Amino acid sequence: MSQYTPLPVTRTRRALALLGAVTLAAACTATEDPPGSAPATTAPATTSTSVPRTDPPSPSASTQVTIPTSAFVELPAELRKSPRRTTPVAEALPKLCGNEFGTGGRQVTASAAMTVTYQKAGEPSSNVPQGMIHQTIFTFDGDGAPGYLSRLRTAVQACPSYDQSGNRVTVKSKALPGVGDEALLLTRTWPETSMNGERTGDTASSQIAVARVDSAVTVFDDQGWEGTSGNPAILDRVVRDGVRAIDAWQR
């Protein structure tokens, strides 16, 4: 004869209810995504901080934009010392008193930069380059592009001069008519030094051009080779060709 003693009815019901709850919980945690669906992701934790205006631009997650290589200027063969190359935006942007050119803010949807190295037309290939031009392109949401130019003008006006490598660099700016929707030209001037680092008594200079083309802004930073003067004529050509390239990309 079996020695099994049936459980009271009340205890049996409680046991079944507990078993059902455990089974349901296990089913919830083991559910797989249906075929073809994207895996679930957990948003990273964020900390609320105050971001200074001079921080580098942070692309917006709301709009995805890709800036193609064709949007960047390419030098004609007679001026091209070496092919254009990709450059980190933080390295391509010029700096004066601070990070004046990195004030894109949250309306930036994309940013990219390339560098071209130029020579004087007709010079032998064995000669050193005359200089290089860093070009950065930003794209913006809404009124971000004209806002960037407005902030930049204010920042430049607040920086008439700054120190660089022991030399005093003066900055002058003016409008650049006939280029894009609006454009700004900055000229930096400093005491010229020889290859030995001694002052020659003359001055050296280079230029920065900033142009807006609809919702995009491009920054050109001309740097003479090893601290020498840049070439204003070549920069002017590069800026105008660069604006046309961006305009063609946006059409």
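Which residue in S5 does Tyr162 stand opposite? Keep that in mind as you go through these close-ups of a predicted model; the answer turns up in the second view.

**View 1. An open sheet of eight strands sets the scene.** Follow the strands across the sheet and you'll read S1-S2-S3-S8-S7-S6-S5-S4, with antiparallel pairing. At the edges stand S1 (80–86) and S4 (161–164), and each has just a single partner strand, so one side of each is left without a neighbour in the sheet. Going from one strand to the next, the twist averages 20°.

**View 2. Here S4 meets S5 (residues 167–175) in an antiparallel pairing.** Four bridges hold this pairing on the map. Back to the opening puzzle: Tyr162 stands opposite Val169 in S5. Ser161, meanwhile, faces Thr170 of S5. The two strands make a hairpin with two residues between them, and in this hairpin Ser165 takes a positive phi near 55°.

**View 3. Zoom in on Asn167, a residue of strand S5.** Is Asn167 buried or exposed? Its relative accessible area is 15%, so Asn167 counts as buried. Its side chain makes a polar contact with the side chain of Arg199, at 3.1 Å. Leaving out residues up to four places away in sequence, Asn167 touches Tyr162, Pro191, Thr193 and Arg199. You've already met Tyr162: it's the residue opposite Val169 in the previous view.

**View 4. Strand S3 (131–140) is largely enclosed by the rest of the structure.** Why can we say that S3 is largely enclosed? Because ten of its ten residues are buried. In a regular strand, side chains alternate between the two faces of the sheet. For S3, Gly131, Ile133, Gln135, Ile137 and Thr139 point one way. Met132, His134, Thr136, Phe138 and Phe140 point the other way, and the residues of both sets are all buried.

**View 5. S3 has S2 on one side and S8 on the other in the strand order.** How many bridges join S2 to S3? There are ten, and the two strands run antiparallel. One spot to look for is Thr117, which stands opposite Met132 in S3. S3 and S8 also pair in the antiparallel sense, over nine bridges. In that pairing, Ile137 has Thr218 of S8 as its bridge partner.

**View 6. Phe138, Phe140 and Tyr148 gather into one aromatic cluster.** Searching the whole structure turns up three aromatic pairs. Take the rings of Phe138 and Phe140: their centres are 6.1 Å apart and their planes sit at 70°, so this pair is edge-to-face. Both of these residues are tucked away from the surface by the numbers: Phe138 counts as buried at 0% relative accessibility, and Phe140 is buried too, with a relative accessible area of 5%. These two also point the same way from S3.

**View 7. Helix H4 (residues 232–250) lies across five strands you can pick out by name: S2, S3, S6, S7 and S8.** In this view, look for S2 (108–118), S6 (182–193), S7 (199–213) and S8 (216–224), along with the S3 strand from the earlier views. What angle does H4 make with S7? The helix runs at about 15° to S7.

Conventions: Residues numbered from 1 in each chain as written. Predicted model: local features only at pLDDT ≥ 70, side-chain atom pairs only at ≥ 80, totals over all residues. Heavy atoms only, no water. Pairing = 2+ DSSP bridges. Axes fitted to C-alpha atoms, helices over the stretch in contact; angles between N-to-C directions. Contact = heavy atoms within 4.5 Å. Buried < 20%, exposed > 50% of the residue type's maximum accessible area, 1.4 Å probe, protein only. Polar contact = N/O pair within 3.5 Å; in protein donor to acceptor, adjacent residues only side chain to side chain. Phe/Tyr/Trp six-rings, centres within 6.5 Å; stacked < 30°, edge-to-face > 60°.
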